[in-house]
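Please open the model in a viewer and keep the selection panel at hand. The tour below proceeds stop by stop, naming what to select and what is found there.

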Amino acid sequence: MLETSARLLRLLSLLQTPRDWTGTELAERLEVSARTIRNDVERLRALGYPVNATRGSVGGYRLGAGADLPPLLLDDEEAVAVAIGLRTAAGGTIAGVEETSLRALAKLEQVLPSRLRRRVNALQAYTVPVPRDEPGPRVTAETLTVLTACCRDREVLRFGYRTHDGSESARKVEPYRLVNWGRRWYLVAWDLDRGDWRTFRVDRLTPRIPTGPRFTARELPEDVTDRVRRGVSSAAWRYRADVTVHASAEEVTARINPAVGTVEAVDANTCVLHTGADSIETMAVHLGLLNAPFHVTEPPQLVDYLRELADRYRDATRI
């Protein structure tokens, strides 16, 4: 039988899993009586852990959210994962959380056992982050908080929106989901003025407070990831192109990142890649990585740049 302190830690670890535990299940796991479990639950409550209990045949115990933050119990792997996540968040795409993440990381490292501190320090000392090939747009934590709250509470959202060409507009939507795609965040919403589903770049919108009235949720027409993927490959980019590729749709789909675009089959050996990018150079890179013959007629900037690249590569191989 475990000592009381060790048993309490084990009980707390079980209660932190997202499920209800019956007293019988907990007693069997810890090899104690149901009465001991009831006493241990009261001890945890006295320490500040809000353990909720429900009665009945389907009742049980679950750790709830409290008014104050009680001590958090993490096992070795969880502690290392949290430390890595905080370190990553300090250099991520959400502006305003860098300092907070570093403060939380400092507190965590201070209480880590020496064996775990060595693991975390080794990861920090012997890994080198590679700078991204292009700076990603930043969004504030405050903006994400407002958007997710409106999605959760089903409140109409008003915001100013800037398109890729710089034009400004006022939008009023019913927000449903936020999608993090690569370096960007997208909002999937029902546009009330246009009467249709729309996808918005979060770094291009400015929420207007207060939010609007509550709305009755609509059924999403499809998987939100598919919707964002199509939006990313069309109106979200500064430049767009429909490229005929002389390979099967399955082959091309397997060779590209989903964020590059969508693929439409023409026949067994031909397909059309609907793609886009914020720069002509990026589009040219994507096409070069297809490893298949292709034909492109627009936009003219892309055609001219591909001709320039062809001449450059040909000159590079001349003896």
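A residue counts as exposed when its relative accessible area is over 50%, as buried when that area is under 20%, and as partly exposed in between. The model on display is predicted.

**Stop 1: an exposed loop residue**

Select asparagine 291, in the loop between α10 and β13. Is asparagine 291 buried or exposed? Its relative accessibility is 65%, so asparagine 291 counts as exposed. The backbone also deserves attention here: phi of asparagine 291 is near 60°, a positive value in a residue that is not glycine.

**Stop 2: a second positive phi**

Move to arginine 154, in the loop that joins α7 (141–153) to β5 (157–162). Phi of arginine 154 is near 55°, again positive in a residue other than glycine. With a relative accessible area of 42%, arginine 154 is partly exposed.

**Stop 3: the whole chain**

Clear the selection and display the full protein chain. A cartoon representation will show 11 helices and 13 strands. Of the 319 residues in the chain, 36% are buried. A surface representation covers about 19400 Å², of which carbon and sulfur atoms supply 51%. For a contact map, consider the contacts with a sequence separation of 6 or more: 57% of them join residues 24 or more positions apart.

**Stop 4: the packing of α10 and α11**

Two packed helices are described by the angle between their axes and the distance between the axes. Select residues 280–288, helix α10, together with residues 300–316, helix α11. The two helices pack at an angle of about 65°, and their axes are 10 Å apart. The crossing of α10 and α11 is right-handed. To see the contact itself, show the side chains of Ile280, Glu281, Met283, Ala284 and Leu287 on α10, and those of Gln301, Leu302, Tyr305, Leu306 and Leu309 on α11. Coloured by residue class, the contact divides into eight nonpolar residues, one polar and one charged.

**Stop 5: the largest nonpolar core**

In soluble globular proteins, nonpolar side chains tend to be buried together. In this model the largest nonpolar core has 23 residues. Which residues have the most contacts inside this core? They are Val245 and Leu302. The elements that give two or more residues to the core are β10 (239–245), α9 (249–255), β12 (270–277), α10 and α11.

Centre the view on leucine 302. Leaving out residues up to four places away in sequence, leucine 302 touches Ala241, Ile280, Met283, Ala284, Leu287 and Val296. Apart from the largest core lies another, of 16 residues, including Leu12, Leu15, Leu44 and Val51.

**Stop 6: valine 41 and its surroundings**

Select valine 41, in helix α3 (residues 34–46). Valine 41 has a relative accessibility of 1%, and therefore counts as buried. Beyond its neighbours within four places in sequence, valine 41 is in contact with Leu11, Val51 and Tyr61. Next, draw a distance between the C-alpha atoms of valine 41 and leucine 12: these residues are 29 positions apart along the chain, and the separation in space is 8.9 Å.

**Stop 7: two threonines**

Threonine 4 is in helix α1 (residues 4–15). Its relative accessible area of 36% makes threonine 4 partly exposed. The C-alpha atom of threonine 4 is 9.9 Å from that of threonine 36, a residue 32 positions away along the chain.

Then select threonine 199, in strand β8 (residues 196–201). Threonine 199 is partly exposed, at 25% relative accessibility. From threonine 199 to arginine 177 the C-alpha distance is 9.8 Å, with 22 residues of separation in sequence.

**Stop 8: the cis peptide bonds at two prolines**

Where does proline 210 lie? It is in the loop between β9 (205–208) and α8 (224–232). The peptide bond from isoleucine 209 to proline 210 is cis, with omega near 5°.

Finish at proline 299, in the loop between β13 (294–295) and α11. The peptide bond that leads from glutamate 298 to proline 299 is also cis, with omega near 0°.

Key
Residues are numbered from 1 along each chain as its sequence is written. This is a predicted model: local features need pLDDT of at least 70, side-chain atom pairs count only at pLDDT 80 or more; totals for chains, interfaces and linings use all residues. Side-chain values use heavy atoms; hydrogens and water are left out. Axes are lines fitted to C-alpha atoms, for helices over the stretch in contact, and angles run from 0 to 180 degrees between N-to-C directions. Helices (H or I, at least four residues) and strands (E, at least two) are DSSP runs, numbered from the N terminus. A crossing is left-handed if the near helix is turned anticlockwise from the far one by less than a right angle, and right-handed if clockwise. Contact means heavy atoms within 4.5 Å. Ala, Val, Leu, Ile, Met, Phe, Trp, Tyr, Cys and Pro count as nonpolar, Asp, Glu, Lys and Arg as charged, and the others, Gly among them, as polar. Buried means under 20% relative accessible area, exposed over 50%, partly exposed in between (1.4 Å probe, protein chains only). Accessible areas come from the Shrake-Rupley method with a 1.4 Å probe; for residues, only the protein chains shown count as cover. A nonpolar core is a set of buried Ala, Val, Leu, Ile, Met, Phe, Trp, Tyr and Cys residues joined through side-chain atoms within 4.5 Å.
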